[in-house]
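Colleague: Please take a close look at one part of this model, a strand inside a sheet. I would like to know what covers it and what it pairs with.

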Amino acid sequence: MTMRLVTRYVPAVLFLAALIVAWDIAVRAFDLQPYLLPGPGRVWHAFLEVRGTLPGHIRTTMTEALLGLGIACVLGAGIAALLAGFAPVRRVVYPLLVVSQNVPMIVMAPLIVVWFGFGIMPKALVVALICFFPIVVSTTDGLLRADRELVDLARSFGASRLQVLRTILVPSAVPSFFAGLQISATYAVLGAVIAEWVGASSGLGLFISRSQTAFRVDRVFVAVAVIAAVSILLFALVHLAARAAMPWQYAHGQNPEESR
Amino acid sequence: MPEPVLNPAIRVDGVSLTFGGATPVHALDDVSLRVEPGQFVSLVGPSGCGKSTLLKLLAGLVLPDAGSASIEGIPVAGRPGSAAFMPQRDLLLPWRRTIANAALGAELAGVSREQARSEARSLLPSFGLEGFERAWPAQLSGGMRQRLALLRTFLVPRDVMLLDEPFGALDAITRREMQQWLQAVWTEHQRSVLLVTHDVDEALVLSDVVFVMSPRPGRIVHRVDVPFARPRSVADTTTAEFASLKSELLDALEAAGRPVRRVEVSERTTRPA
């Protein structure tokens, strides 16, 4: 098990290390100014400088991202159920949803902050707006593509519409829901950062905009690295949730008579 | 044979059915048959002759254009839930473990969850699934999946069972084992069964009565009463009487239209109409 983990992640880590080395060599070779591109050593020093204040910012951004993602899940699953259950609703609402995704969030975020104030809520809302679309699309698809024969089987036993939904359709859509959620999770932190950019009293977005006005590109790089790390963490969290919700997808082997 | 005052377990009267669409398919043409309570009846016919459609109709999933069908005297049109239906594919829910899959039909038919699952648990040994209570369907072999699907059908509290090629996907040896085993289970529980198959041997080993269906549009073209004493074994399939009944059935199938392959071939590559 540990051996598998090592062979799985070592290549990626080695590649990352090589990139950092190349970056360092390039900065030295071309004698780049730190306000244009700081070297990895300088970024590390910047990290040591700010490590006292960073956790607070991370906590704010994570809270917004998780809250927004939670809202997106509830909203997304609910809308997906409506879209899948009622064809007329699907015909009216689905195109609007697609169009709504073409409104740039960078335009919407300031408006939402103006409407809802400077607290955590408007940021969570921006995150939710970014995250709910992949969940809706993917979950709707999962509900619509449930095996017709399974539905017929349930009906043949005398199941009501609600029973068919509960025993067949919802479980069928769980893998699709998580596929959408995994995409959303990668956007969630980014969404929170964009929202904070517009106006916040704490958070990684605020940290970046402050660093930029102070020409501390090294600190911007620190923030970027932190955002990447936090996003990976969130992604892993969703993956764990998926495992917990779909144990049958991860059960291996012990097929007694034949291998499939 | 029970007294005729009882309602027949299954009664089909002059049922015709055409599926609409760009190229309409005439699936059933004036089909009539009866299954008496406690009887084991088979319906043989070539692939795509409408056998599966007839079962779906009896399961209340499709409506006839003409004629009527009833189970235990109650019309089935648009009223699913009167019989225990087992479709061709095992259709186990991947997200339910063995016990929960076995209990699915009973639960949906109104049995309480606890009761359905405890009945399922107590029948696991006789369905050869002991020790696999906690397995997911993907961890079971083809034969076990099929037995689990049968157990699910058995646990539905209905006296009539509709079985659609329950062993079609299995290899010849496993299939034979399953037939022996189904015969034993049926003898013990005495339900009325309508079995659809394209395997003449299977029909003769298991049934009291065999109906032959023609290629599409499906019609009943022949009826054979099977006289052999039960329990029937593999040895019975080599007797002269068995051979003569078998050739009678094959002749009827051939006369009905398309030539029938006499070798055992799995014809389940396409889904039923």
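Modeller: Strand 3 of chain B is covered on both faces: Phe40(B), Ser42(B) and Val44(B) are buried on one side, and Val41(B) and Leu43(B) are buried on the other. This is a predicted model. Side chains in a regular strand alternate between the two faces of the sheet. Strand 3 of chain B spans residues 40-44, and because five of its five residues are buried, the strand is largely enclosed by the rest of the structure. Buried here requires 20 or more other C-beta atoms within 10 Å of the residue's own.

The pairing comes next. Strand 3 of chain B runs parallel to strand 8 of chain B (residues 192-197), and five bridges join the two. In that pairing, Phe40(B) lies opposite Val193(B) of strand 8. Strand 3 of chain B is also joined to strand 9 of chain B (residues 209-213), again in parallel, by four bridges. There Ser42(B) has Val210(B) of strand 9 as its bridge partner. Phe40(B) and Ser42(B) belong to one face of strand 3.

The wider sheet gives these contacts their setting. It is an open sheet of six strands in chain B, ordered 6-7-8-3-9-10, with mixed pairing. From one strand to the next the twist averages 15 degrees. The edges are held by strand 6 (84-86) and strand 10 (220-225) of chain B; each has a single partner strand, so one side of each lacks a neighbour in the sheet. Strand 6 of chain B pairs with strand 7 of chain B (residues 160-164) in the parallel sense, over three bridges. Within that pair, Ala84(B) faces Met161(B) of strand 7. Strand 3, by contrast, sits between strands 8 and 9 in the sheet order.

Further along chain B is helix 1, residues 51-58, which is mostly covered, with eight of its eight residues buried. The buried residues of helix 1 of chain B include Leu54(B), Leu55(B), Leu57(B) and Leu58(B), and also Lys51(B) and Lys56(B). Ser52(B) and Thr53(B) of the helix are buried too. After helix 1 of chain B comes Gly60(B), with a positive phi near 85 degrees.

In summary, strand 3 of chain B has five of its five residues buried, with five bridges to strand 8 of chain B and four to strand 9 of chain B.

Definitions and conventions:
Residues numbered from 1 in each chain as written. Chains lettered and ligands numbered in written order. Predicted model: local features only at pLDDT ≥ 70, side-chain atom pairs only at ≥ 80, totals over all residues. Buried ≥ 20, exposed ≤ 12 C-beta atoms within 10 Å, placed from the backbone. Pairing = 2+ DSSP bridges. Axes fitted to C-alpha atoms, helices over the stretch in contact; angles between N-to-C directions.
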